[in-house]
Amino acid sequence: MILYNVTVNIHESVQDQWLQWMQQTRIPAILATGKFSSAKIVKVLIEEEMGGTTYSIQFTTDSKATLEKYYTEDAPRFRQESYQLFGEKMLAFRTELELISEHN
């Protein structure tokens, strides 16, 4: 299982708008691509020197190949839309993680 993690620092002036958009529009649209089985948003509990609030959005997919298809077929339009809506008030970076084991 692969986790596609997007870490976002969002400016306070648009934080509420961004969070609502993520929950109601962006995450459902990404899940609708059929390339991810689930998603979750977590808030990073460390204050950033640059300000803003940092979140981690984690999408679960079955394989690196499926993630590569997402990069090719879907990611460019999603990234463009984010930039158009939030521009310089949002800073994002992405990390790919492989789940080794899970314990409950």
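**Exercise 1.** How many cavities of 30 Å³ or more does a search of the whole structure find?

*Solution.* Start with the ground rules: this is a predicted model, where local features need pLDDT of at least 70, side-chain atom pairs count only at pLDDT 80 or more, and totals for chains, interfaces and linings use all residues. Residues are numbered from 1 along each chain as its sequence is written, and side-chain values use heavy atoms, leaving out hydrogens and water.

Next, the term: a cavity is a set of points, on a 1 Å grid over the protein atoms alone, where a 1.4 Å probe fits but cannot get out. The search finds 1 such cavity. Its volume, the space filled by probe spheres set on the points, is about 180 Å³.

**Exercise 2.** Which residues lie nearest the centre of the largest cavity, and which helix gives the most to its lining?

*Solution.* Lining residues have an atom within 4 Å of a point. There are 17 of them, and V6, R26, I30, S82 and R94 lie nearest the centre. Now go by element, with helices (H or I, at least four residues) and strands (E, at least two) taken as DSSP runs numbered from the N terminus. Helix 1 gives the most, with 5 residues.

**Exercise 3.** Is strand 3 mostly covered or uncovered, and how does strand 3 pair with strand 1?

*Solution.* Call a residue buried if it has under 20% relative accessible area (1.4 Å probe, protein chains only). In strand 3, 9 of 9 residues are buried. Strands pair if DSSP finds at least two bridges between them. Strand 1 and strand 3 pair in the antiparallel sense over 9 bridges, with I2 opposite T61 in strand 3.

Methods
On a 1 Å grid over the protein atoms alone, a cavity is a set of points where a 1.4 Å probe fits but cannot get out, and a pocket is an open set with protein on both sides within 12 Å along at least five of seven lines; lining residues have an atom within 4 Å of a point. Buried means under 20% relative accessible area, exposed over 50%, partly exposed in between (1.4 Å probe, protein chains only).
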